[in-house]
Amino acid sequence: MTAHIPWPLLPELVDMRCPEDGSDMVIRNGRFGPFLASVDYPKTTYVINLDKKGGIKYPVPPPLLTELACPKWEAPLNLRRGKRGPWLGCSRFPKCRGRQAWSSIDEAEQAVLERELEAHEQKHPVPVITHRDGKVTPEGTPVVALVIPGGVAELEVHPEAVAELGGGEGDGGLVRGNGPGFRPSAARNDCPRRRSGP
Ligand SMILES: [Zn+2]
């Protein structure tokens, strides 16, 4: 059953460690749906995307731009490594969905592209995705299983916003809670009920 998951407005803490800055991670909502980001996002830009089922998606290196032309437009093709080997897709995706079959490339050219792809992957290593204890998080782990109950991250108010509020005094813009870095999400309504009766 695919249920719509009503993500709370406040960033909920998950049992994941940001591979870029080592901070705790929270669920955030973006234009394309929920994703995981460091509590220091957007200062820390690293994000972990979720698949259609809300599972952890492993990061992939950026595609390698080739000199091969897309069969549909004149745009160059991107080379990526998929689960079933390298594949070529238009660099204008999603505007153009042109593809070229890897098998249609002659073997000598395939070998050259393979070497270039390997060098490219070494230049863009992908981090290991882990829980907060450092254990590797399997790909596809549902994010709902990673949510820390009652864990809503205290996000610092931007220093400039604090200044606008009149001076950065007191607690420095943090929302006070009853635990370090946490505050119970009492206001959270994660189970909206249907109105019963008229
Ligand atoms: Zn194209």
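Two residues are in contact if their C-beta atoms, placed from the backbone, lie within 7 Å. With that in hand, let's work through this model together.

The model is predicted: local features need a pLDDT of at least 70 and side-chain atom pairs count only at pLDDT 80 or more, while totals for chains, interfaces and linings use all residues. Residues are numbered from 1 along each chain as its sequence is written.

**Exercise 1. Get an overview of the chain**

Task: Find what share of the contacts with a separation of 6 or more comes from residues 24 or more positions apart, and list the elements of the protein chain from the N terminus on.

Solution:
- Start with the contacts: residues 24 or more positions apart account for 47% of those with a separation of 6 or more.
- Next, the elements. Helices (H or I, at least four residues) and strands (E, at least two) are DSSP runs, numbered from the N terminus. The protein chain has 2 helices and 9 strands, and their order is β-β-β-β-β-β-β-β-α-β-α.
- Then burial. A residue is buried if 20 or more other C-beta atoms lie within 10 Å of its own, exposed if 12 or fewer, and partly exposed in between, with C-beta atoms placed from the backbone. Of the 198 residues, 15% count as buried.

**Exercise 2. Decide where to read with care**

Task: Find which residues keep a pLDDT under 50.

Solution:
- pLDDT is the predictor's confidence in each residue, from 0 to 100. The chain averages 80, and 72% of the residues score at least 70.
- The stretch to find is residues 166-198, where pLDDT stays under 50 and the model has 34 contacts beyond four places in sequence.
- Where pLDDT is low, the predicted coordinates should not be read in detail.

**Exercise 3. Trace the sheet of 5 strands**

Task: Work out in which order the 5 strands of this open sheet stand, and why strand 4 and strand 9 each have a side without a neighbour.

Solution:
- Two strands pair if DSSP finds at least two bridges between them. The order is 4-3-2-1-9, with antiparallel pairing.
- Strand 4 (47-49) and strand 9 (147-152) stand at the edges with a single partner strand each, so one side of each has no neighbour in the sheet.
- From one strand to the next, the twist averages 40 degrees; axes are lines fitted to C-alpha atoms, for helices over the stretch in contact, and angles run from 0 to 180 degrees between N-to-C directions.
- Now look at one pair: strand 1 and strand 9 share 2 bridges, and glutamate 12 has valine 152 in strand 9 as its bridge partner.

**Exercise 4. Find the nonpolar cores**

Task: Name residues with the most contacts inside the largest nonpolar core.

Solution:
- A nonpolar core is a set of buried Ala, Val, Leu, Ile, Met, Phe, Trp, Tyr and Cys residues joined through C-beta atoms within 7 Å.
- The largest has 17 residues, and Val14, Met16, Met25, Val26, Leu36 and Val143 have the most contacts inside it. Strand 1 (12-17), strand 2 and strand 3 each supply at least two of its residues.
- Apart from this core lies another of 6 residues, including Cys70 and Leu77.
- Return to valine 143: leaving aside neighbours within four places in sequence, its contacts include Val14, Ile27 and Leu50.

**Exercise 5. Trace the sheet of 4 strands and its helix**

Task: Find which strands helix 1 lies across, and check how far apart its end C-alpha atoms are.

Solution:
- The 4 strands form an open antiparallel sheet in the order 5-6-7-8.
- Strand 6 (residues 76-82) and strand 7 (residues 85-90) are joined by 6 bridges and a hairpin of 2 residues. Arginine 80 stands opposite tryptophan 87 in strand 7.
- Helix 1 lies across strand 5, strand 6 and strand 7, at about 155 degrees to strand 5.
- The expected span is 1.5 Å times one less than the number of residues. For the 17 residues of helix 1 (residues 107-123) this gives 24 Å, which agrees with the 24 Å between the end C-alpha atoms.
- Helix 1 is hardly covered, with 0 buried residues.

**Exercise 6. Look into the loops**

Task: Find where proline 42 lies, and whether phenylalanine 32 is buried or exposed.

Solution:
- Proline 42 is in the loop between strand 3 and strand 4, and a cis peptide bond with omega of about 5 degrees joins tyrosine 41 to proline 42.
- The bond from phenylalanine 93 to proline 94 is cis, with omega near 5 degrees.
- Phenylalanine 32 sits in the loop between strand 2 (24-30) and strand 3 (33-38). Phenylalanine 32 counts as exposed because it has 8 C-beta neighbours inside 10 Å.
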